[in-house]
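User: I want to learn how to read packing inside a protein model. Can you take me through cores and cavities?

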Amino acid sequence: MMNLPAIIVVCIIAAVLSVGVKESTRFNAVAVFIKLSVLTLFVVYGMYFAYTNTEQFQDNLTPFIPENTGSFGHFGISGIFRGAGAVFFAYVGFDSICAMAQECKSPEKDLPRGLFITMVVTTLLYMIVTLCLTGMVDYSLLNVDDPVIAALVHVEAPALFRYLVDIGAIAGLTSVCLVSIMSMPRLLFAIAHDGLIPHKFAEVHPTYRTPFFATLVCGGVCAVVAGLLPLDMLGE
């Protein structure tokens with residue numbers, strides 16, 4: 001079955017990217033703002049839950065490192081390393097910042113700062129959110145597709161919070177798609193300049209000043225893949 005919403009979202013993102021970097025940056029800034037606002041709201045609610053249910057919060061965090069079950073990677077110290085290995089793949093997307101070097105006024109300064117600030121902010125957010133999450137609900141109940149929603153349902157949080165988390169998730173996925181599709185045309189642009197692929201990919205639109213053709217090709221390929229292939233296959 002065709003995933004029509006995915007195709008529509010990718011086409012909209014490709015269209016935004018085609019008309020200019022400033023427009024794309026504004027669009028991404030709005031999505032990131034929504035995402036960070038929802039995460040901040042969740043953390044505030046988690047702190048409120050910890051204050052009003054101190055004993056339950058502490059019980060859920062005890063033991064802080066569950067004992068290993070006897071096999072590598074199942075809790076314990078080896079489980080921490082296994083989890084860190086999985087989380088590592090979430091950091092791979094930060095290389096998209098480097099693909100925007102040609103858009104920076106001072107790439108030798110802007111790129112290192114951008115990477116460093118991004119790493120610090122996302123790491124702190126990850127630690128705080130997971131601390132609130134595992135404090136609100138026992139970790140054994142969080143092995144689901146939507147752990148944040150499951151936690152809010154378990155503690156009987158207001159339905160408004162669940163809807164906001166859904167909105168934040170959509171905004172987060174949208175911003176990730178935008179950055180990924182933004183990076184691919186720039187990489188093709190650089191490769192085309194080296195003569196490894198047709199020079200058509202290195203053409204810049206006279207009005208929008210973007211790699212227009214490369215963006216449309218990348219957007220089209222992504223739309224077809226997102227619309228026709230199963231999500232499980234794409235995840236692997």
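Analyst: Start with the core. This is a predicted model. Its largest nonpolar core holds 21 residues, of which Phe42, Tyr45, Met136, Val137, Leu152 and Val155 touch the most other members.

User: Which helices each supply at least two residues of this core?

Analyst: Four are named: H2, H5 (107-136), H6 (147-154) and H7. H2 gives the most, with six residues.

User: What does Leucine 152 touch, leaving aside residues up to four places away in sequence?

Analyst: Leucine 152 touches Phe42, Tyr45, Met136, Ala157, Phe161, Arg162 and Val165. Phe42, Tyr45 and Met136 also rank among the core members that touch the most others.

User: How many residues are in the other core, and which are among them?

Analyst: That core lies apart and has nine residues, among them Ile7, Ile13, Met100 and Met182.

User: Now the cavities. How does one find empty space?

Analyst: A probe the size of a water molecule is rolled over the atoms, and this shows where space is left empty. Here, the structure holds one cavity of 30 Å³ or more. The volume of the largest cavity is about 30 Å³.

User: Which residues line the largest cavity?

Analyst: The lining consists of Val38, Leu41, Phe42, Phe161, Leu164 and Val165. Helix H2 (21-52) and helix H7 (159-193) each supply at least two residues of it.

User: Is that lining polar or nonpolar?

Analyst: Nonpolar: the lining has six nonpolar residues, no polar and no charged. Now link the two features. Phe42, Phe161 and Val165 belong to the lining, and Leucine 152 touches Phe42, Phe161 and Val165.

Conventions:
Residues are numbered from 1 along each chain as its sequence is written. This is a predicted model: local features need pLDDT of at least 70, side-chain atom pairs count only at pLDDT 80 or more; totals for chains, interfaces and linings use all residues. Side-chain values use heavy atoms; hydrogens and water are left out. On a 1 Å grid over the protein atoms alone, a cavity is a set of points where a 1.4 Å probe fits but cannot get out, and a pocket is an open set with protein on both sides within 12 Å along at least five of seven lines; lining residues have an atom within 4 Å of a point. Grid points are joined across faces, edges and corners, and a volume is the space filled by probe spheres set on the points. Ala, Val, Leu, Ile, Met, Phe, Trp, Tyr, Cys and Pro count as nonpolar, Asp, Glu, Lys and Arg as charged, and the others, Gly among them, as polar. A nonpolar core is a set of buried Ala, Val, Leu, Ile, Met, Phe, Trp, Tyr and Cys residues joined through side-chain atoms within 4.5 Å. Buried means under 20% relative accessible area, exposed over 50%, partly exposed in between (1.4 Å probe, protein chains only). Contact means heavy atoms within 4.5 Å.
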